[in-house]
Amino acid sequence: MSISKRFDKSCKIISNKEICNDYFELKIKADGISKHCFPGQFFMIGAPGVFLRRPISVHDVGKNTSSFLYKVVGKGTKILSSMRSGELQLLGPLGKGYDLETYKESNHVIVAGGTGIASVYFLATKLKKKGILYYGAHVA
Ligand SMILES: Cc1cc2nc3c(=O)[nH]c(=O)nc-3n(C[C@H](O)[C@H](O)[C@H](O)COP(=O)(O)OP(=O)(O)OC[C@H]3O[C@@H](n4cnc5c(N)ncnc54)[C@H](O)[C@@H]3O)c2cc1C
């Protein structure tokens, strides 16, 4: 995969909903960004009040949107989870992502645990052949 274009941009929050205990889905307006995102890549997302941005994987993309699935584990993700509107500073997409080209004819076995499901969901939407997902979680 060639290195994708990178952005450091303030993006509008479309929604930020709790989908189950401490797991949130954040959707942002990402005009011109989403088409440069590949499965396995992540963004450094800034939250107000924390100095360092936090890495969160791309969970899904729409035409002009990007979604993230994250778990609240500490200060940064707690502040992020409290935001229902406004803008967030995003740096990315970063990382090389999964190698979709080399393995496009393979039978896929995907293994993920916990919040690791975030990026493999995006991966699964891009695979040309069906595969098997093994997923591990502490609680169902
Ligand atoms: C490349 C990359 C991609 C990532 N993608 C995602 C993603 O898609 N979704 C997601 O939810 N998370 C993802 N993470 C993890 C996420 O970046 C951290 O959970 C987040 O930075 C924690 O920030 P915080 O300020 O809330 O916690 P901090 O205040 O930094 O940490 C609080 C406490 O939680 C512990 N902690 C921190 N992270 C975790 C963790 N992941 N699991 C268990 N304990 C932890 C710390 O050791 C500390 O004790 C990713 C990490 C990397 C490196």
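These legends describe close-up views of a predicted model.

**Figure 1. The whole chain, from end to end.**
The chain holds two helices and nine strands. Read along the sequence, they follow the pattern β-β-β-β-β-β-α-β-β-α-β. The C-alpha atoms fill a box of roughly 45 × 40 × 25 Å along the principal axes. A compact globule of 140 residues would have a radius of gyration near 14 Å, and the chain has 15 Å, which agrees. Buried residues make up 27% of the 140 residues. Among contacts with a separation of 6 or more, 66% join residues 24 or more positions apart.

**Figure 2. The open sheet and its edges.**
Strands of a sheet pair through backbone hydrogen bonds, either parallel or antiparallel. Here, seven strands form an open sheet with antiparallel pairing. Their order is β4-β3-β7-β1-β2-β6-β5. Which strands stand at the edges? They are β4 and β5. Each has a single partner strand, so one side of each is left without a neighbour in the sheet.

**Figure 3. Strand β3 beside strand β7.**
These two strands run antiparallel. Three bridges join β3 to β7. One residue to find here is Met-44, whose bridge partner in β7 is Leu-91.

**Figure 4. The shell around the ligand.**
The ligand has 15 residues around it. Ser-57, Tyr-70, Gly-74, Gly-76 and Thr-77 come nearest. Three elements give two or more residues to this shell: β4 (54–57), β6 (65–71) and α1 (75–81). Which of the elements gives the most? It is β4, with four residues. By class, the shell has seven nonpolar, five polar and three charged residues.

**Figure 5. The largest nonpolar core.**
In soluble globular proteins, nonpolar side chains tend to be buried together. The largest nonpolar core in this model has 24 residues. Phe-43, Ile-45, Ile-56, Val-58, Phe-68 and Tyr-70 touch the most other members. At least two residues each come from β2 (23–29), β3 (42–45), β6, β7 (87–94) and α2. Helix α2 gives the most, with four residues.

**Figure 6. Tyr-70, between ligand and core.**
Tyr-70 is among the residues that come nearest the ligand. Tyr-70 is also among the core residues that touch the most other members. What does Tyr-70 contact, leaving aside its neighbours within four places in sequence? The list is Phe-24, Leu-26, Ile-56, Thr-77, Leu-80 and Thr-115. Of these, Ile-56 is another of the core residues with the most contacts to other members, while Thr-77 is another of the residues nearest the ligand.

**Figure 7. Helix α2 and the strands it packs against.**
Helix α2 covers residues 117–126. Within this helix, Ala-118, Ser-119, Val-120, Phe-122 and Leu-123 are buried. These buried residues pack against β4, β5 (60–61), β6, β8 (108–113) and β9 (131–136).

**Figure 8. Lys-29 on strand β2.**
Lys-29 lies in strand β2. Is Lys-29 buried, exposed or partly exposed? A buried residue needs 20 or more C-beta neighbours within 10 Å, and an exposed one has 12 or fewer. Lys-29 has 15 inside 10 Å, so this residue counts as partly exposed. Leaving aside neighbours within four places in sequence, Lys-29 is in contact with Cys-11, Lys-12, Ile-14, Asn-64 and Thr-65. Ser-67 is 38 residues from Lys-29 in sequence. In space, their C-alpha atoms are 9.0 Å apart.

Note on methods
Residues numbered from 1 in each chain as written. Predicted model: local features only at pLDDT ≥ 70, side-chain atom pairs only at ≥ 80, totals over all residues. Near = placed C-beta within 6 Å. Nonpolar A, V, L, I, M, F, W, Y, C, P; charged D, E, K, R; others polar. Contact = placed C-beta atoms within 7 Å. Core = buried A, V, L, I, M, F, W, Y, C linked by C-beta atoms within 7 Å. Pairing = 2+ DSSP bridges. Rg over C-alpha atoms; globule rule 2.2 N^0.38 Å.
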